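User: Please choose a single part of this model and take me through it slowly, as you would for someone in a first year of study. I would like to see how its pieces sit beside one another, and then how some other places compare with what you describe.

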Number of protein chains: 2
Amino acid sequence: MVQTLTRIAVLGSTGSVGRQTLDVIRQHPERLKVVGLAGGNNTTLLEDQCREFKPTLVACSDANLHMTIKASAGAKARWAPMEEMAAHPDVDVVLIATVGAAGLSATLSALRAGKAVALANKEVLVMAGDIITREAARGRAELRPVDSEHSAIWQCLWGEDIASVEKLILTASGGAFRDKPLRDLDHVTPREALRHPTWDMGRKITIDSATLMNKGFEAIEARWLFNIPMERIEVVMHRESIVHSFVEFADGSVKAQLGEPDMRLPIQCALTYPDRIEGAGVPRLNLARTKALHFEAPEMSRFPCLRLALEAGTKGGSWPAVLAGADEIAVEQFALGAIGFMDIPKVVDAALSAHDGQADPDLEAILAADAWSRVFALDRCSALQPAGRR
Amino acid sequence: MVQTLTRIAVLGSTGSVGRQTLDVIRQHPERLKVVGLAGGNNTTLLEDQCREFKPTLVACSDANLHMTIKASAGAKARWAPMEEMAAHPDVDVVLIATVGAAGLSATLSALRAGKAVALANKEVLVMAGDIITREAARGRAELRPVDSEHSAIWQCLWGEDIASVEKLILTASGGAFRDKPLRDLDHVTPREALRHPTWDMGRKITIDSATLMNKGFEAIEARWLFNIPMERIEVVMHRESIVHSFVEFADGSVKAQLGEPDMRLPIQCALTYPDRIEGAGVPRLNLARTKALHFEAPEMSRFPCLRLALEAGTKGGSWPAVLAGADEIAVEQFALGAIGFMDIPKVVDAALSAHDGQADPDLEAILAADAWSRVFALDRCSALQPAGRR
């Protein structure tokens, strides 16, 4: 195994995945090096990160804080917008851990520059998977998944011919309400929705896990990451979150990747590929202690968001952008207590039905569909509000 | 995927694995072709096979039946001893499905000729793994596993660097007596031992599954097939026989290969490697229907044969040959009702303790150790006989 220093730009370094990425890099100073850090509004944390990792390129969303942040990174640091950082010659791997549409242009910039892109931002592929994967092919750039499910599929595909894939099977824990009687779902609170049984994640994704919208997004991402038609992508419920996903091949053989639920493992995989290096700090799987792994088909009546996502993914074009935009607003309104939990799929469904979509949209059309869906969804939430208080 | 015709010699075509191999070949006439068949004593079946597959090379263990068998294969068929068949220029893959030491010289002959060897004969690697793997390296020949556990590990290693392997974890169903109270094991009958819960196999291997000696043999084979030290090979009980084995890597990632218990899948993998082709007739895994997969650590007091095998494998040299030889006799004597079930490990243990072994034996010394162990074991069984009737 050749020891080479991989130079990394972390976009979205102050979020959950960004912080875990820095934890992985911290464990492997001989192998991994931070050259760029871009954070959001948490400038105190970004300053700390700059002091520790001394990046040569820095950015944050608050323009007034440029000088302070740069000072923490040291004399040699230079201010660089995310798009520039992502394409910089000193960068080998760009880890995109931004949230929402923010990562889109930086991802395109990195791919055009032929970088390896470790992608943790869901919206990028959900909204613009077609454009992104075409750009990656054109720039001979590599897209590496960071999400545990996609990383599992990716690892199972090493050494395999993609043409021999029969099915991708994504596992889903089922989220906070997997065991709640269906009739009680109308009255669950945001606080209850935030209790994820197996993974510790951000607020939006935890609620998306309870509706299974998150799994629907992952199915759409998988479609683009692995170039597999939507109808060959399935979801199976797996409450232990130990098997991160499966691949079934033409001969009937099935491969799986397993591990304790810890994002640092897939993050490290994406940073050190094609090598595997010692996993510092990641707990080891002990199958005899785990005892049993359970699987069942998802109850579609319980998870209408999953069906909506699979349908939007199959339609393609601008529909997945509407799915994501409307969902973001609906989840936000649910978290504020403005609408009920089972109103989330209703709002998304209404947006998808009302959308006058395009089959092959350009980036501008995708962003327009996203913007339209947000306005539409917010309006629909206001109309629901009284019912949400029932 | 390039369609090439793979020409196959099946040694041991009338046994369980041999018959399933022919079933796989029968499903894929455009891709797989029989050029050689070698059978044992079941000449009626071998004749039928010759009539169907029209091999150009044939052999059986009964010299008097040469002409009859050759006649069934057709005018162009030629008589060829196994060693010659295994090295014949018209053969691409040699599938070794013979039982016991019979496959040893044919395996060596195939490896010296640089053939791909699909190995289903356990004793070959258990007895002479060091010699066999050195010969394979020298002849740049490829050893492909056929056993479901080793095939699982092999498939999980495609595209991986063997240096990044932390552990191989073999799964074991636990065999016929996995749920029987320990104190009752002294009195179980051969008929009970032959009821395997998940796999339909031959008599010797089914009894070896009940003692877990079979799993011990597989650990020794894995040691040689994948060049991994014995102490990195573990066994986990898994009653459903759906996960065929696991590989744990240095970073903590674990891969598994799964499928319904059906030997035709790993056989096909070994014949068509590196391609995967449509799996005709092999039932598909349905995880939602499977519902749960269970795992537990093996109870060592219940399975003393497993401990003996792991110890013999760690010692290496001529000890594994003694393990296999003594076990074969002890199982035979148990099947005849001459000794008790829990006498099997006692006989094997006695042979290993009495063996004056060698650390780096040549083939002759290995065969001598095997012969010695059989005489020793038979003698020890006679001494136990009265106790076996208790």
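Analyst: Two strands are said to pair if DSSP finds at least two bridges between them, and that is the idea to keep in mind while we look at the sheet of chain B. The model is predicted, and everything below is to be read as a description of that prediction.

Seven strands of chain B form an open sheet, and their order across it is S4-S3-S2-S1-S5-S6-S7, with parallel pairing. The two edges of this sheet are strand S4, residues 78-79, and strand S7, residues 142-145, each of which pairs on one side only. Strands of a sheet pair through backbone hydrogen bonds, and the pairing can be either parallel or antiparallel.

Let us begin at the S4 edge and move inward. Strand S3 of chain B, residues 57-60, is joined to S4(B) by two bridges, and these two strands run parallel. Within this pair, B:Leu57 stands opposite B:Arg78 of S4(B). On its other neighbour, S3(B) is joined by four bridges to strand S2 of chain B, residues 32-39, again with the two strands running parallel. There B:Ala38 stands opposite B:Ala59 in S3(B).

Where do the side chains of S3(B) point? In a regular strand the side chains alternate between the two faces of the sheet. In S3(B), B:Leu57 and B:Ala59 point one way, B:Val58 and B:Cys60 point the other way, and all of them are buried. The word buried here stands for a relative accessible area under 20%, and we will need that cut-off again further on.

Now let us go to the other half of the sheet. Strand S5 of chain B, residues 93-96, and S6(B) pair in the parallel sense over four bridges, and B:Leu95 stands opposite B:Ala118 in S6(B). Strand S6 of chain B, residues 116-119, has both of its faces covered, with B:Ala116 and B:Ala118 buried on one side and B:Val117 and B:Leu119 buried on the other. B:Ala118 therefore has two roles in this picture, as the residue opposite B:Leu95 and as one of the buried residues on a face of S6(B).

Outside the sheet, chain B offers a useful pair of neighbours in sequence. B:Thr211 is found in helix H9 of chain B, and B:Leu212 is found in the loop between helix H9 (203-211) and helix H10 (213-225). At 5% relative accessibility B:Thr211 counts as buried, and B:Leu212, with a relative accessible area of 2%, is buried as well. If residues up to four places away in sequence are set aside, B:Thr211 touches B:Phe303, B:Cys305, B:Leu306, B:Phe341 and B:Ile344. B:Thr211 and B:Pro345 are 134 residues apart in sequence, yet their C-alpha atoms are 8.2 Å apart in space.

The backbone of B:Leu212 also deserves attention, since its phi is positive, at about 70°, although it is not a glycine. Most residues other than glycine have a negative phi, and most peptide bonds are trans. In chain A, A:Arg140 likewise has a positive phi, near 50°, and its place is in the loop between helix H6 (122-138) and strand S7 (142-145) of that chain. Is A:Arg140 buried or exposed? With a relative accessible area of 78%, A:Arg140 is exposed, whereas B:Leu212 is buried.

The peptide bonds hold a further point of interest. A cis peptide bond joins B:Tyr273 and B:Pro274, with omega about 5°, and B:Pro274 lies in the loop between helix H11 (264-272) and helix H12 (287-290) of chain B. In chain A, the peptide bond from A:Tyr273 to A:Pro274 is cis too, with omega near 5°.

Finally, some figures for chain A give a wider setting. Chain A holds 16 helices and twelve strands. Its radius of gyration is 21 Å, close to the 21 Å that the globule rule gives for 390 residues, so chain A is as compact as a globular protein of that length. Buried residues make up 61% of the 390 residues in chain A, and of its contacts with a separation of 6 or more, 68% are between residues 24 or more positions apart.

Terms used. Residues numbered from 1 in each chain as written. Chains lettered and ligands numbered in written order. Predicted model: local features only at pLDDT ≥ 70, side-chain atom pairs only at ≥ 80, totals over all residues. Heavy atoms only, no water. Rg over C-alpha atoms; globule rule 2.2 N^0.38 Å. Buried < 20%, exposed > 50% of the residue type's maximum accessible area, 1.4 Å probe, protein only. Contact = heavy atoms within 4.5 Å.
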